[in-house]
Every structure is written in C-alpha cells, then in structure tokens.
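Visitor: I am in my first year of study, and I would like a close look at a single part of this structure. Please choose one part and take me slowly through it and through whatever surrounds it.

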Amino acid sequence: MSDSYSEQLRSHGLSVTAQRLEILKVVARNPHISADRIIELATKKLGVISKQSVYDSVNTLVEKGLLRRIQPMGSSARYEDRINDNHHHVICRSCG
C-alpha cells in the first residue's frame with residue numbers, strides 16, 4: 001500500500017515523506033475526516049507533527065488531486081480520497 005501511495009506522490013511531482021504517506025493512509029481509512037482528526041491520528045503513528053505542517057500537506061494533496069476537500073455549510077472542511085467520481089454529500093438540516 002505504501003508503494004502505491006509513494007507512486008501517487010511521485011507521479012504528481014511530490015516528494016515522498018512519512019507525513020504525506022501517513023496522511024494518505026489516514027484519509028483512506030477515515031472518509032470525510034477533518035484536518036484536526038488527521039492530525040490526531042497521524043500524530044499517534046508518527047509522533048510530533050505541527051498543525052501547520054499537516055494543513056500545508058493536506059492543501060498540497062488537494063491541489064495535486066490526491067485528496068478531495070469537502071466544505072459542508074457550518075462545518076469544518078473534510079477530506080476524502082474518492083476523487084475520480086461525482087458522488088454527492090448530503091447533510092440533514094435537522095440533525096446535521
């Protein structure tokens with residue numbers, strides 16, 4: 001699996017780093033995950049990670065088309081690795 005993520009990063013002109021690999025793994029295991037939760041889970045695996053570094057990495061992965069950013073109204077941004085389809089995201093107006 002890491003080889004596949006490494007190949008994806010390289011094919012998009014990105015350096016392969018432990019942080020980027022872990023972010024891709026975390027998002028793959030946790031669809032619609034917030035950046036704060038990515039930080040929490042990646043920190044468990046890698047140790048100390050700065051919030052800014054994770055936000056920068058996530059933004060780069062979105063820009064390069066490796067992750068999709070979803071911004072539900074009234075909620076923090078969420079991230080997923082399903083990028084090549086046009087599926088919808090629905091949020092209940094009653095319960096959120």
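Guide: Among the contacts in this chain between residues at least 6 apart in sequence, 41% join residues at least 24 apart. The model in front of you is a predicted one, and buried residues make up 35% of the 96 residues in its chain. The chain has four helices and three strands, and if you follow it from the N terminus, these elements come in the order α-α-β-α-α-β-β.

The part I suggest for our close look is the second helix, α2, which covers residues 18-29, and we can begin with its contact with α3. These two helices pack at an angle of about 125°, with their axes 10 Å apart, which makes α2 oblique to α3. The crossing by which α2 passes α3 is a right-handed one. On the α2 side of this contact you can find A18, Q19, E22, I23, V26 and V27, and these meet I38, L41, A42, K45 and L46 on the α3 side. Sorted by class, the residues of this contact are eight nonpolar, one polar and two charged.

One residue of α2 deserves a pause here, namely E22. Is E22 buried or exposed? Its relative accessible area is 5%, and because buried means under 20%, E22 counts as buried. If we leave aside the neighbours within four places in sequence, E22 is in contact with R29, A42, K45 and L46. Of these partners, A42, K45 and L46 are also listed among the α3 residues that α2 meets.

The other packing partner to consider is α4, which covers residues 51-63. Here α2 and α4 pack at an angle of about 70°, again with axes 10 Å apart, and they are therefore roughly perpendicular to each other. This crossing, too, is right-handed. From α2 come Q19, R20, I23 and L24, while α4 brings S53, V54, S57, V58, T60 and L61. By class, this contact holds five nonpolar, four polar and one charged residues. You may notice that Q19 and I23 take part here, and that Q19 and I23 are also named in the contact with α3.

From the α4 side, V58 is a good residue to follow, since it is found in helix α4 and, at 1% relative accessibility, counts as buried. Beyond its neighbours within four places in sequence, V58 is in contact with I23, I38 and Y79, and I23 belongs to the α2 residues that meet α4. The C-alpha atoms of V58 and V27 are separated by 10.0 Å, although these two residues are 31 residues apart along the chain.

Another residue that touches α2 is I49, which lies in the loop between α3 (35-46) and α4. With a relative accessible area of 12%, I49 is buried. Not counting residues up to four places away in sequence, I49 touches Q19, A42, T43 and V54; of these, Q19 is among the α2 residues that meet α3 and A42 is among their partners, while V54 is among the α4 residues that meet α2. I49 and I39 are ten residues apart in sequence, and their C-alpha atoms are 7.4 Å apart in space.

If we now follow the chain onward from α2, we come to H32, in the loop between α2 and β1. At 37% relative accessibility, H32 counts as partly exposed. Its phi is near 65°, a positive value in a residue other than glycine, whereas most residues other than glycine have a negative phi.

The strand that follows this loop is β1 (33-34), one of the two edge strands of a sheet, the other being β2 (68-70). The sheet is an open one of three strands in the order β1-β3-β2, with antiparallel pairing. Three bridges join β2 to the strand β3, residues 78-80, and the partner of I70 in β3 is R78. Between β2 and β3 there is a loop that holds S75, which is partly exposed, with a relative accessible area of 26%. S75 and S34 are 41 residues apart in sequence, while their C-alpha atoms are 9.5 Å apart.

Note on methods. Residues numbered from 1 in each chain as written. Predicted model: local features only at pLDDT ≥ 70, side-chain atom pairs only at ≥ 80, totals over all residues. Heavy atoms only, no water. Buried < 20%, exposed > 50% of the residue type's maximum accessible area, 1.4 Å probe, protein only. Contact = heavy atoms within 4.5 Å. Axes fitted to C-alpha atoms, helices over the stretch in contact; angles between N-to-C directions. Parallel < 35°, antiparallel > 145°, perpendicular 65-115°, else oblique. Left-handed = near helix turned anticlockwise from the far one by under 90°. Nonpolar A, V, L, I, M, F, W, Y, C, P; charged D, E, K, R; others polar. Pairing = 2+ DSSP bridges.
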